[in-house]
Amino acid sequence: MKVVHSPLHARHDGGKELHRGELVPCFEMPVRVDYILKAVERVGFEVHEPRPFAPESLLRVHDAGFVEFLRTAHDEWRAAGKEGFMLPSGFPARALRRDHIPSGINGKMGYYAFDASTPIVEGTWEAAFAAARCALTAAAWVAEGDKSAYALCRPPGHHAGYSVYGGYCFLNNAALAAQHLRDKGFARVAVLDVDYHHGNGTQDIFWERSDVLFVSIHGTPETEYPYFLGYADERGGGAGEGYTRNFPLPRGTTWTEYSSALGAAMDVLGGFSPDALVVSLGVDTYEGDPISAFKLSTHHYPLMGQRLAALKVPTVFVQEGGYAVEDIGTNVTGVLEGFLGKG
């Protein structure tokens, strides 16, 4: 399996985030990629740099004004006389206007963000755009005939919506991969999100579409981030009615319960008969993850990979979460090797 990775990911080193009401050092840190990269090289995967996709390719799934905000945000921050990482201090919540984008950087930041856990620093745009190109490159390989590919993306992407960022995510890498596959002639594309946290951004982007199925297995939003999306009754809208499926699970979920939900998700995927699959691969379902609460063990990840392989369709893996850094590489390669029949 070919792997695509950009060293530019290290340009995004966030500083601090607001996590469950406390200002703490960012859990999403550059060293995550170092552990994954060592692991994929150890098992013999080929590692390549991404192709030079144009910024306009992002507009297939993102609003142009939003993309321009991300590209220029830190420059505006510095022009306002500020330094370091940026976090919003206000949001257009209930009873506030949502139809006007403020011209000042603080209001603009709050308009486009949905949390204060996703700092922007000087190198964020460069890193996020490189991650997007990684996802697009992996999708291009599969569109050109590879059976599978892995995009080692950082920062992750599945919380980024059409015109909003949050959850450590700025550009939706999985959605970009799925759209690229559609643009290259795959009529029906499925996205399966196995990250601990609901992929609200991917759901947002494909909510009204029937050509891309979105399925997510995640911690219940009753207690888990992003809190306000990911319930089982969210099934898509308009032409996309029935093409979003969510499987929320409680804190403490073990492999037995998770495996049952994965089986139900696989049944949904099989009923859709996709021509290609994109997997939002978060391994923060691991029992040692510091910000999650499922109880999967390292030996369960090859089993997950084997289940995904049973669909027998071209597959793009896109890296999302996983914050137990010393074990992240082993868990990621467990899924990939299981998928290839090596686990």
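Here are a few questions and answers about this predicted model.

Q: Why is the contact between Glu28 and Arg154 called a salt bridge?
A: The closest N and O atoms of the two residues are 2.6 Å apart, and the cut-off is 4 Å, so the pair qualifies.

Q: What makes this pair a link between separate parts of the chain?
A: Glu28 sits in the loop between β3 and α1, while Arg154 belongs to the loop between β5 and α5, so the bridge ties together parts 126 residues apart in sequence.

Q: How do you know whether Glu28 is buried or exposed?
A: Its relative accessibility is 3%, and buried means under 20%, so Glu28 counts as buried. Arg154, at 1%, counts as buried too.

Q: Why is Arg182 called partly exposed, when its partner Asp211 is called buried?
A: Asp211 and Arg182 form a salt bridge, with their closest N and O atoms 2.7 Å apart. Asp211 has 17% relative accessibility, which is under the 20% limit, so Asp211 is buried. Arg182 has 24%, which falls between 20% and 50%, so Arg182 is partly exposed.

Q: What makes Arg71 and Glu68 about one helical turn apart?
A: They are 3 residues apart in helix α2. Their side chains also meet in a salt bridge, at 2.7 Å from N to O.

Q: How do you know that β2 and β3 are paired?
A: They share 4 bridges in the antiparallel sense, and pairing needs at least two, so the strands count as paired. Together they form a hairpin with 2 residues between them.

Methods. Residues are numbered from 1 along each chain as its sequence is written. This is a predicted model: local features need pLDDT of at least 70, side-chain atom pairs count only at pLDDT 80 or more; totals for chains, interfaces and linings use all residues. Side-chain values use heavy atoms; hydrogens and water are left out. Buried means under 20% relative accessible area, exposed over 50%, partly exposed in between (1.4 Å probe, protein chains only).
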